[in-house]
Structure formats: structure tokens, C-alpha cells
Amino acid sequence: MNSWDAGLAGLLVGTMAVSLLSNALVLLCLLHSADIRRQAPALFTLNLTCGNLLCTVVNMPLTLAGVVAQRQPAGDRLCRLAAFLDTFLATNSMLSMAALSIDRWVAVVFPLSYRAKMRLRDAALMVAYTWLHALAFPAAALALSWLGFHQLYASCTLCSRRPDERLRFAVFTGAFHALSFLLSFIVLCCTYLKVLKVARFHCRRIDVITMQTLVLLVDIHPSVRERCLEEQKRRRQRATRKISTFIGTFLVCFAPYVITRLVELSSTVTIGSHWGVLSKCLAYSKAASDPFVYSLLRHQYRKSCKEILNRVLNRRSIRSSGFTGDSHSQNILPVSE
């Protein structure tokens, strides 16, 4: 195994570790906090988190074994099952992010009617649709025997080894990525741009009120005035930064792999195996970044993490104090005798 393969294997191991820990922490927060579970986005987050965990414990280890061994890491049946999961989980992840963006759009654009428009039942119906949509393509690929080990990506995924099926497989691959990656990307852009437009409108209203207040307060200290102006600037940048993160991580993680899959269909372009595995690693890295982008950096999840940590530390302190008390009583008993 050369240095490139060793580096890609190390990248996969790091992605697996971060993804496993961060998604498990999100799952703990969902189980711990009833306030988070009562909200409709919790269903989308739960769907996304479970899919990321399944990808981490099934698909990533098999790809790591394929990179190390430079061959199919498992039997044909297990590889077909892993390829089915790979196709399903990737589509489900993209559609779950689109569902989260729709939820944010409804919450920002229709704040007064959000609870009526986005109930738990509505969220459950959206999750059911993402499952049906995500299951359609791997089921069709399984029926057409287009699931197996792909040497370019060192993973079990969509592939076709028969030259006479090249055109049909190309049409299928194009339709699959158009109705998964492209559709989700369009939904993300449309919803988050609407959210950004509303956020900027509210920022302008707040800025007008702030400037009018500063004009009226003639005796205000210059440092206070500067802090108000700086807060205005941060407020304008905050929404842009968040939306850029949502759309940017989606593109950075999925676009290289999708473009590689489409370019691969052309017989005139040769793709290096290292780039193929790297693009697959970038797609896997979405499972490691999702917990931070959509969950752990939010106030409710941070609060839940602190409560879980405090509970664990309190239990340890009680146990240690109990052990100390037992040992102290054992030391006193011989003296009293």
C-alpha cells in the first residue's frame, strides 16, 4: 500500500471516528430532551442521524477494507446489500437535508402559522416520502443487477460490468443523480435564499430602529455606539454565514462524487483511482459534518449536551464519594474494635 492509499485509509478512519461519535451524541440529545423531540425537525434530524450511523458502521468499513486490500472486501451478497444501502442512504441523506431546508423556510417565512403548517404528522409524511423516493432507485438497480463492487471507488455501489448495458446504465445514473443530488440542491437553494431574503429584511428594520435610537441618544458613550454598529454588522453576516454553510457543505461533500460518476460514463475520460476514492471519502464526510451543521451547534442541543455531561459527572462524583465513605468506614472499624 503506497502513501496515497495510506492517506486515504487514514482519512476514512478519521471520518468514521468523527461520524460515529458526533451522530451518537446527537442521538443521545434526542433521547434526553423531550423539548427537542416535540418539534417537527426532530424527525428529519433523527432520520438523517440514523442514516449516517448506518453508513458509518456498514459502508465506510467495507470501503476501508477495499482500499487496504485493493479488491472486493466481502462476498457478492454482502457487497450487493452494502451497495443497496449506499445508494439508499446517500439519497435519503440528500432528501433529509432538503426537508430540513423546507422546515426552515416555513418557520421563517410563515412564523405565525408554522405550528399549523409543520406538525409532527406532516414531518412524518415527508420522512415517509424520502424513504419511498430513496428506495426506488436501489430497488431498480438490484432488479437490473447494477449493484456490486466498483474498483474506481473501492466500494460497493452502483456499477455495471456489461458493455451492452452502457447506454441504459448511463440513462439510469443520470436520472438517479438528477432526482437526488440536483433536486435536493435546487430545493436547498430556493428555500434558503428565501430565508436569507426575509432575514435581511428583518435586519434592515432592526438597523433603522437602532440608528434612530442612536440619533435620539445624544449623550451615549462612543464605545456603546461602536458596539451597536458592530452588532448590526454581525447580525447581517450571521444569516449569510449559516446559509452558506448549509449549501456549501452539501456541494463540497457531494458534488465531486456526483460529477465523477457522470464523467465516468464517458469512454473518452480516464479517472484515476485515487481521485475516485477521494471523492467517495468526501461523500462520506457529510455524515461527519451533518451533526455539527444541523444539530450540535444549535442552542437546544448544546444545552442538552451540558445536561448529559452534568448528569454523568454528578453520578461519578456520587460514586466516588460513596467509595470514599465505604473505605473511610472500613478504616474506622478496626480502630473502634
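How much space lies in the second largest pocket? The legends below take that pocket first, in a predicted model.

**View 1. The second largest pocket holds about 270 Å³ of space.** Its lining is made of 14 residues, and those closest to the centre are His150, Ser160, Arg166, Phe169 and Glu264. Sort the lining of this second largest pocket by class and you get 7 nonpolar, 3 polar and 4 charged residues.

**View 2. The largest pocket offers about 700 Å³ of space.** Here 23 residues make up the lining, with Arg104, Lys242, Phe246, Val293 and Arg298 closest to the centre. Helix 3, helix 4, helix 7, helix 8 and helix 9 each put at least two residues into the lining of the largest pocket. Helix 8 gives the most, with 8 residues. By class, the lining of the largest pocket splits into 14 nonpolar, 2 polar and 7 charged residues.

**View 3. The largest cavity encloses about 320 Å³.** The count of cavities of 30 Å³ or more comes to 2, and this view shows the largest. Look for Asp86, Leu89, Ala90, Phe254 and Ala283, which lie nearest the centre of the largest cavity among its 26 lining residues. Two or more lining residues come from each of helix 3 (41-69), helix 4 (76-109), strand 2 (155-158), helix 7 (166-216), helix 8 (222-264) and helix 9 (273-296). Helix 4 gives the most to this lining, with 8 residues. The lining of the largest cavity is made up of 13 nonpolar, 9 polar and 4 charged residues.

**View 4. The second largest cavity has about 40 Å³ of space.** Which residues line the second largest cavity? They are Ile36, Gln39, Pro41, Ala42, Thr45, Arg298, Gln300 and Tyr301. Helix 3 and helix 10 (299-336) each bring at least two residues to the lining of the second largest cavity, and helix 3 gives the most, with 3. By class, that lining has 4 nonpolar residues, 3 polar and 1 charged.

**View 5. Cysteine 79 and cysteine 156 form a disulfide.** A search of the whole structure turns up 1 disulfide, and the sulfur atoms of cysteine 79 and cysteine 156 sit 2.1 Å apart. The torsion about their S-S bond is about -110 degrees, so the disulfide is left-handed. Cysteine 79 belongs to helix 4 and cysteine 156 to strand 2, so the pair ties together parts that are 77 residues apart in sequence. Both ends are tucked away: cysteine 79 is buried at 1% relative accessible area, and cysteine 156 is buried at 4%.

**View 6. Cysteine 190 has its closest cysteine sulfur in cysteine 189.** Why is there no bond between cysteine 190 and cysteine 189? Their sulfurs are 6.8 Å apart, which is too far for a bond, given that a disulfide needs the two sulfur atoms within 2.5 Å. Cysteine 190 is partly exposed, with a relative accessible area of 47%. Elsewhere, cysteine 50 also counts as partly exposed, at 37% relative accessibility.

**View 7. Glutamine 70 and alanine 154 each have a positive phi.** Most residues other than glycine have a negative phi. Glutamine 70, with phi near 60 degrees, is found in the loop between helix 3 and helix 4. Alanine 154, with phi of about 50 degrees, is placed in the loop between strand 1 (147-150) and strand 2. Buried or partly exposed: which is glutamine 70, and which is alanine 154? Glutamine 70 is partly exposed at 42% relative accessible area, while alanine 154 is buried at 4%.

**View 8. Helix 1 runs over residues 3-32, with end C-alpha atoms 43 Å apart.** At 1.5 Å a residue, its 30 residues should span 44 Å, so the two values agree. Among the buried residues of helix 1 are Asp5, Leu8, Leu12, Met16, Asn23, Val26 and Leu30.

**View 9. Residues 81-102 and 123-149 carry the annotation "transmembrane region" in an unreviewed UniProt entry.** Residues 81-102 are 100% helix and 0% strand in the model, with end C-alpha atoms 31 Å apart. Residues 123-149 come out as 78% helix and 11% strand, and here the end C-alpha atoms are 35 Å apart. The record's annotation also covers other spans, including residues 6-31 and 243-259.

Notes
Residues are numbered from 1 along each chain as its sequence is written. This is a predicted model: local features need pLDDT of at least 70, side-chain atom pairs count only at pLDDT 80 or more; totals for chains, interfaces and linings use all residues. Side-chain values use heavy atoms; hydrogens and water are left out. Helices (H or I, at least four residues) and strands (E, at least two) are DSSP runs, numbered from the N terminus. The expected span of a helix is 1.5 Å times one less than its number of residues. Buried means under 20% relative accessible area, exposed over 50%, partly exposed in between (1.4 Å probe, protein chains only). UniProt positions are given in the numbering used here, feature names are shortened, and annotations may be inferred rather than shown by experiment. On a 1 Å grid over the protein atoms alone, a cavity is a set of points where a 1.4 Å probe fits but cannot get out, and a pocket is an open set with protein on both sides within 12 Å along at least five of seven lines; lining residues have an atom within 4 Å of a point. Grid points are joined across faces, edges and corners, and a volume is the space filled by probe spheres set on the points. Ala, Val, Leu, Ile, Met, Phe, Trp, Tyr, Cys and Pro count as nonpolar, Asp, Glu, Lys and Arg as charged, and the others, Gly among them, as polar.
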